[in-house]
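Reader: Hello! I'm new to this structure and would love a close look at one part of it, the nonpolar core and whatever surrounds it. Could you walk me through that slowly?

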Amino acid sequence: MTTESLDALFEAAVEQESDRPDAVADAADAVRRALTAVLRTRRDLPGLAKIAERVHALADDLEPRATPGRDRVEAMWSGESGGARHSPVSGARNAAALPVIWDRREDGAVEGHANFTVAYQGPAGFVHGGISALILDVALAVANRNAGSAGMTAGLTIRYLRPTPLYQDLTIRAWHESREGRKIRSRGEIRVDGKVCVTAEGVFVAARTGASNGDD
């Protein structure tokens, strides 16, 4: 892909921007697809070096057009769904996220589903424990927000009961338990085939009255 064709691509994108509901999320989804394909690619694939050149060319053209990082920091939470647009777990605009989509349950809990690839591997064939902790931290925060008690993580206790497998459908569930003043408590778990793999207990602290909690 030449520089000229890249310029044409960006010019066309500007013209079509108004036709896209969320162009950033669309671009992030494209990057996720490319990442997943690269992770599944054999090292001896013919033409792989040429593919790398094309990706580098796109990155070289995009980087100078991008806003400086410190100027691009945004409030993550948006709307009433409890989803975070830039979250590394559930952010539609974050190419590193799956993303996990959260649903409200009738009992007040929130539930999401995931199927992790080798990008999230720790022990061979299993999800990295740090990824499980990240997922549950976000799940608890979403559950708290859903219950009207948003706050920042003050403590997180993770218990690993069994390895969490890659390439299997996982259910992530979290629920708000209590609030005393500014202190919020919630719990969550990750299951596969009905068996609990990881549990979490979280303590969160609500913002002081009149202070911003990072919402839009």
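Author: Happy to; what follows starts with the overall layout, then goes into the core and the parts that build it. Please keep in mind that this is a predicted model.

Let's begin with the layout. The protein has four helices and six strands. Read from the N terminus, these elements come in the order α-α-α-β-β-α-β-β-β-β. Of the 216 residues in the protein, 27% are buried. If you take the contacts between residues at least 6 apart in sequence, 60% of them join residues at least 24 apart.

Now to the core itself. The largest nonpolar core holds 28 residues, and W102, F116 and I172 are the ones with the most contacts inside it. Two or more residues each are given to this core by β2 (110-114), α4 (129-146), β4 (170-180), β5 (183-192) and β6 (195-205). The largest share, eight residues, is supplied by α4.

That makes α4 a good place to look next. This helix has 18 residues, and from its first C-alpha to its last it reaches 26 Å, close to the 26 Å expected at 1.5 Å a residue. Its buried residues are S132, A133, I135, L136, V138, A139, L140, A141, V142, A143 and N144. What covers them includes the strands β2, β3, β4, β5 and β6. After α4 comes G148, and its phi is positive, near 80°.

Those strands belong to a sheet. It is an open sheet of six strands in the order β1-β2-β4-β5-β6-β3, and the pairing is antiparallel. At its edges are β1 and β3 (152-160), each of which pairs on one side only. As you follow the strands with your eye, it helps to know that side chains in a regular strand alternate between the two faces of the sheet.

Let's walk across the sheet. Five bridges hold the antiparallel pair of β2 and β4, and here V110 stands opposite A174 in β4. Next, β4 and β5 run antiparallel and are joined by ten bridges. I172, one of the core residues with the most contacts, has I190 in β5 as its bridge partner. The two strands β4 and β5 form a hairpin with two residues between them, and G181 in that turn has a positive phi of about 65°.

One step further along, β5 pairs with β6, again in the antiparallel sense and over ten bridges. V192 has K195 in β6 as its bridge partner. β5 and β6 also form a hairpin with two residues between them, where D193 in the turn has a positive phi of about 55°.

Next, the other two residues named for their contacts. F116 brings us to the aromatic rings: a search of the whole structure finds one aromatic pair. It is formed by F116 and Y120, arranged edge-to-face, with 5.0 Å from centre to centre and 70° between the planes. The angle counts as edge-to-face because it is over 60 degrees. Both F116 and Y120 are buried.

W102 sits in the loop between α3 (48-62) and β1 (103-104). Is this residue buried or exposed? W102 has a relative accessible area of 9%, so it is buried, the cut-off being under 20%.

S90 is found in that loop between α3 and β1 too. Twelve residues separate W102 and S90 in sequence, and their C-alpha atoms are 8.0 Å apart in space. With a relative accessibility of 7%, S90 also counts as buried. Leaving out residues up to four places away in sequence, S90 touches A84, A97, P99, V100, W102 and V138. Of these, V138 is one of the buried residues of α4, which brings us back to the helix that gives the core its largest share.

Finally, a look at another helix for comparison. Helix α2 (residues 23-39) has 17 residues, so at 1.5 Å a residue it should span 24 Å; its end C-alpha atoms are 25 Å apart, which agrees. In α2, the buried residues are A23, A25, A28 and R32. At the start of this helix, a side-chain oxygen of D22 comes to within 3.3 Å of the backbone nitrogen of V24.

Terms used:
Residues are numbered from 1 along each chain as its sequence is written. Side-chain values use heavy atoms; hydrogens and water are left out. Rings of Phe, Tyr and Trp (its six-membered ring) pair if their centres lie within 6.5 Å; planes under 30 degrees apart count as stacked, over 60 as edge-to-face and the rest as tilted. Buried means under 20% relative accessible area, exposed over 50%, partly exposed in between (1.4 Å probe, protein chains only). The expected span of a helix is 1.5 Å times one less than its number of residues. A polar contact is a pair of N or O atoms within 3.5 Å; within protein, one must be able to donate a hydrogen and the other to accept it, and residues adjacent in sequence count only if both atoms are side-chain atoms. A nonpolar core is a set of buried Ala, Val, Leu, Ile, Met, Phe, Trp, Tyr and Cys residues joined through side-chain atoms within 4.5 Å. Contact means heavy atoms within 4.5 Å. Two strands pair if DSSP finds at least two bridges between them.
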